[in-house]
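Here's a quick walk through a model, taken piece by piece. Have a look at the structure first, then read on.

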Amino acid sequence: MTPEERYLFDLQGFLFIPEAISKDLVQQMNDDIDQMESLNDEEANKLGLYRKYHNNNKDHPGHNPSGYDCNILSRGGPFEALIDCPRTLPYIDSMINEPFRLDGYMFMIRNQGCRTVFHHGYAELLPYSEFAVEEGEFKCVSVKIAYALRDVSVEEGCFAVIPGSHKSNFDNPFEGMNPDKNHPLVEPCPCKAGDAVIFTEDLTHGSMINQSKKTRRTLFISYAPAFQSPWGKLVDTADGFEERATSRQLELIRGPSPFAIV
Amino acid sequence: MEKKTKKKVPRLLKLQTGTGERHLSDEERHFFDIKGYLVMENFFVPNQVNEAREAIQDMAKKPSANITIERKDYELELLNIVEAGGILEDAIIFKRLLQPMEEIIWGSQVRLVASRGLIKEPGSIETLTQGGKADPRRYTKYRCFVEGEFRCLMTTCLIALNNCSNGNGTFCIIPASHKSNFPHPYSNTSLESVSVLKDIALKAGDAIIFSENLSHAIKSPINEKYLWLSYQYGPSYMLSWPGCEASKELRTRTMDSEIKTRLLKTPYYHPWDYYYKDIVN
């Protein structure tokens, strides 16, 4: 990290990384998702893909379901490339600062009317998401990367944060609320396809309401110290992964020895 | 900002506020925060001490399939001793142990990370762990926040199965070292020469709960073998110590106990999130 990146990540709790993944890889992933979208739930389940729906678009009844999350790493293919993305992984290394694992890999779709309410912030009481700095080094315990797979504007329901909220000393009054772009605390993060936002899970974050007919597609990949467990099947891989994977990818998925530092 | 309609979330399941659970007295909470440990006298009654001693000795001779024995110089460590059943299994849910652990770690979101039976022989050597910020093991972190909400990571309960006092096989600690900002300079010093080290005299059946982030060690017994039981708890998302994963047999036989089931289940983040729950093996 450059001195400015360190300063900004500490100050705001997130970093914007333009063009984190190539256009070609973005295209491959979108093509694969197009195929996956043609499957019904039963067919998806047979392939090990499980959709968690968000039916919160009462204002847009013609667009149910309004969004879902999915364990897309078990799809394999181009998604495996992001396990150890060379553009972003060095940041994770600096932010966690000890042996770490990939603890979650999730695909999110947000259709018209869908959003993710604000959550986290004041998370010192939520131990698995702690933001910490000791002796000039980051010691975060959960760092996430949101990769945009499509251009997404504020109106199209982009990611949104409350910068600085990872250091709040008070209960988060906006927990569970829809992010409001007009509120002086809120910062929407519009992205181009291939851009990434790296953020500490301690930061208050969510997404704007998608007011367009365009579907937002985002990959969320999460990393944590080795002693923390993975999020269920969100780290399941496709058949043959072990043969294809690099040693670094294998270590990130299996997790380094959890209590090796004694 | 417009508030969305929210379902009433039970306080225990709410992420961003405290659990509000209070089991320790104000004096105990204050003591634990300042010193990093709490002593519980007569945690086991004499019959339970005898049962635990016999079980550990039997396991050392004839270990069961799910218990691993690690032999070091003058010391035997029986990993995953909870599998032995009986008092060694029941102790994990004793109210006097579990309630403080829940308060110190994360309410009902605690799990058993490791269990051990220890047999220390005369001559056993143990180095004093680093504490506070100098402890490189981030999983031991001691934390206490607003209004006394603890969020400690690994926390240990050590149960003495012999009378230990006067430096003879005693458990010893550096009080308050869980908040130390500097490494202790005693790595190459014998425990007897560390003036700031405090022996905790324990009778057979007494227990001590301490933050793993506290500098601690067990001194060698002088004449006979000393037995200990150690249970380590952590937040629900902390992995089991290698070799301490609950076996299928243990999970099956404890199914009737909601508390044991919760303590022995695979690591998890959100107890109410059926999406993750359903797809976790």
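## A three-stranded sheet in chain B

B:Ile173 sits across from B:His216 of strand S9(B). The partner strands are S6 (residues 171-173) of chain B and S9(B), which run antiparallel and share three bridges. Strands here are DSSP runs of E, at least two residues long, while helices are runs of H or I with at least four residues, both numbered from the N terminus. Two strands count as paired if DSSP finds at least two bridges between them.

Zoom out a little and you get an open sheet of three strands, ordered S7-S6-S9 in chain B, with antiparallel pairing. Strand S7 (198-200) and strand S9 (216-218) of chain B are the edges, each pairing on one side only. On average, neighbouring strands in this sheet are turned by 30° against each other, direction ignored.

## Ground rules

This is a predicted model, so local features need pLDDT of at least 70 and side-chain atom pairs count only at pLDDT 80 or more, while totals for chains, interfaces and linings use all residues. Residues are numbered from 1 along each chain as its sequence is written, chains are lettered from A and ligands numbered from 1 in the order in which they are written, and side-chain values use heavy atoms, with hydrogens and water left out.

## The seven-stranded sheet

Chain B also has an open sheet of seven strands, in the order S1-S8-S5-S10-S4-S3-S2, again with antiparallel pairing. Strand S1 (37-40) and strand S2 (68-72) of chain B form its edges, each with pairing on one side only. From one strand to the next, the twist averages 20°.

At one edge, S2(B) pairs with strand S3 (residues 75-79) of chain B in the antiparallel sense, over five bridges. In that pairing, B:Lys72 faces B:Glu75 of S3(B). Helix H2 (residues 46-61) of chain B packs on the sheet, touching S2, S3, strand S4 (110-120) and strand S10 (226-235) of chain B. The helix direction makes about 95° with that of S10(B); such angles run from 0 to 180 degrees between N-to-C directions, with axes fitted to C-alpha atoms, for helices over the stretch in contact.

## Chain A overall

Over in chain A, there are six helices and 13 strands. The C-alpha trace spans about 55 × 50 × 30 Å along its principal axes. Of the 262 residues in chain A, 58% are buried, meaning under 20% relative accessible area (exposed is over 50%, partly exposed in between; 1.4 Å probe, protein chains only).

Take contacts (heavy atoms within 4.5 Å) in chain A between residues at least 6 apart in sequence: 83% of them join residues at least 24 apart.

## One helix and one phenylalanine

In helix H4 (residues 89-96) of chain A, the buried residues include A:Leu89, A:Tyr91, A:Ile92, A:Met95 and A:Ile96. They cover an arc of only 150° around the axis, which puts them on the same side of H4(A); the arc is that of the directions from the helix axis to the C-beta atoms. After H4(A) comes A:Asn97, with a positive phi near 65°.

Is A:Phe199, in strand S11 (residues 196-200) of chain A, buried or exposed? A:Phe199 is buried, at a relative accessible area of 0%. Beyond its neighbours within four places in sequence, A:Phe199 has contacts that include A:Phe9, A:Phe14, A:Phe159 and A:Phe220. A:Ile221 lies 22 residues from A:Phe199 in sequence and 11 Å away in space, C-alpha to C-alpha.
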